[in-house]
Every structure is written in structure tokens, then in C-alpha cells.
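This report is meant for a reader who is meeting the structure for the first time. Please keep the sequence and the three-dimensional view at hand while reading.

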Amino acid sequence: MTRALTTGQRTIRPDSEKRCPSWCARAHHCTARRLPGGEHASTPEVWVTDVGRFVATRYRDQAGHDRVELRVVLGLADDEQIAQAQARHLLAVTRVVVDRVFGPGDRAAGGPR
């Protein structure tokens, strides 16, 4: 059995209740005013490079907490073992960079958190 994700009724929150931040893309990207659990969303920023495509989208939930979603689309080697090693290495290096940028730090001084 499948269930509907919505009631079919459109929910619009008053502007005074849910103003979009300046970076919010509004329109179909932003669901903060249309859905009970909706969130503000930026227009995805896309960088196409010689190695692949990088896409970042910023979100803010209704409690005011911000987050970023980062997608990386890269081609892997044809050899299966090399492709697995590339994927694992990318994940490990990404973890190191994320820990460095978002790890413990002095929030009051504007440093990494």
C-alpha cells in the first residue's frame, strides 16, 4: 500500500511568519512557506571542472539551522579495483577536509566549528 506524502491541500504560511533569507531561491526550491516541515533552499551552485561537477546547495530549516549539501560527480577508472580505490580515497579525503573546516573550533571568534 502506498500513502500520499501530502494531503493535497496547499499550505501557505504568511509572509510575516516565514520570510525568505536573501540567499533563498524561493519559487520551487524553497518549501518553507509551502510545507509544514519545509525549508529555505538556495539555487544550487554548480562548478564544472576538468575532473567533474561540484554542486552545493544551502538549506535552512524552520528552526533556523543552516546546512549545506555537497554533491560531487566524477568519472571513475575503468578498472574495478582502481575505481573502488578512487571512491574510497575521495571519501576519506573529503572526511579530512570536512573535519578541518567544520571540526571543533572557537565559534565566538568566527573560526571553524
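A salt bridge, as the term is used here, is a side-chain nitrogen of Lys or Arg within 4 Å of a carboxyl oxygen of Asp or Glu. By that criterion, the side chains of Asp66 and Arg60 form a salt bridge, with 2.5 Å from N to O. The coordinates come from a predicted model, and the sections below should be read with that in mind.

## Overall layout and confidence

The chain is built from one helix and four strands, and, read from the N terminus, these elements follow the order β-β-β-β-α. Of the 113 residues in the chain, 16% are buried. The accessible surface of the chain amounts to about 9200 Å², and carbon and sulfur atoms account for 55% of that area. Among contacts between residues at least 6 apart in sequence, 13% connect residues that are at least 24 apart.

The mean pLDDT of the chain is 82, and 76% of the residues reach a score of at least 70. Residues 1-7, however, have a pLDDT below 50, and beyond near neighbours in sequence this stretch makes zero contacts in the model. Residues 13-17 also stay under 50 in pLDDT, although for them the model has nine contacts beyond four places in sequence. Where pLDDT is low, the predicted coordinates should not be read in detail. Among the elements of the chain, the lowest mean pLDDT, 92, belongs to strand β1 (residues 40-41), while the highest, 96, belongs to strand β2 (residues 45-48).

## The pairing of β3 and β4

Strand β3 and strand β4, the latter spanning residues 66-74, pair in the antiparallel sense over nine bridges. The hairpin that they form has five residues between the strands, and in this hairpin Gly64 adopts a positive phi near 90°.

Thr57 offers a view of this pairing from within β3, the strand that covers residues 52-60, and its bridge partner in β4 is Glu69. Thr57 counts as buried because its relative accessibility is 3%, and the cut-off for that class is under 20%. Once its neighbours within four places in sequence are set aside, Thr57 is in contact with Ser42, Pro44, Arg67, Val68, Glu69 and Arg71.

Val72, by contrast, can be followed from the side of strand β4, where it is placed. With a relative accessible area of 37%, Val72 is partly exposed. Leaving aside neighbours within four places in sequence, the contacts of Val72 are with Arg53 and Phe54. Val72 and Val46 are 26 residues apart along the chain, and their C-alpha atoms are separated by 9.8 Å.

## Salt bridges

Side chains of opposite charge can pair when their charged atoms come close. The structure holds five salt bridges, and among them is the one already described between Asp66 and Arg60. Asp66 also forms a salt bridge with Arg58, in which the closest N and O atoms are 2.6 Å apart, and Arg58, Arg60 and Asp66 are thereby linked in a network of salt bridges. The members of this network are partly exposed, with relative accessible areas of 31% for Asp66, 32% for Arg58 and 23% for Arg60.

Another salt bridge joins the side chains of Arg95 and Asp99, with 2.9 Å from N to O. Both of these residues lie in helix α1, four residues apart, which is about one turn of the helix. Arg95 is exposed, with a relative accessible area of 54%, whereas Asp99 is partly exposed at 38%.

## A nonpolar patch on the surface

Where on the chain does the nonpolar surface patch of about 490 Å² arise? The patch is made by Val68, Val93, Val97, Val98, Val101 and Phe102, and helix α1, which runs over residues 80-102, gives the most to it, with five residues.

Val97, one of the residues of this patch, is found in helix α1. Its relative accessibility is 46%, so Val97 counts as partly exposed. Val68 also belongs to the patch, and this residue has already appeared among the contacts of Thr57.

Conventions
Residues numbered from 1 in each chain as written. Predicted model: local features only at pLDDT ≥ 70, side-chain atom pairs only at ≥ 80, totals over all residues. Heavy atoms only, no water. Helix = DSSP H or I, 4+ residues; strand = E, 2+ residues; numbered from the N terminus. Buried < 20%, exposed > 50% of the residue type's maximum accessible area, 1.4 Å probe, protein only. Contact = heavy atoms within 4.5 Å. pLDDT = per-residue confidence, 0-100. Patch = residues over 30% accessible without salt bridge, like charges linked within 9 Å, V, L, I, M, F, W, Y side chains within 5 Å. Areas by Shrake-Rupley, 256 points an atom, 1.4 Å probe, with all protein chains shown as cover. Pairing = 2+ DSSP bridges.
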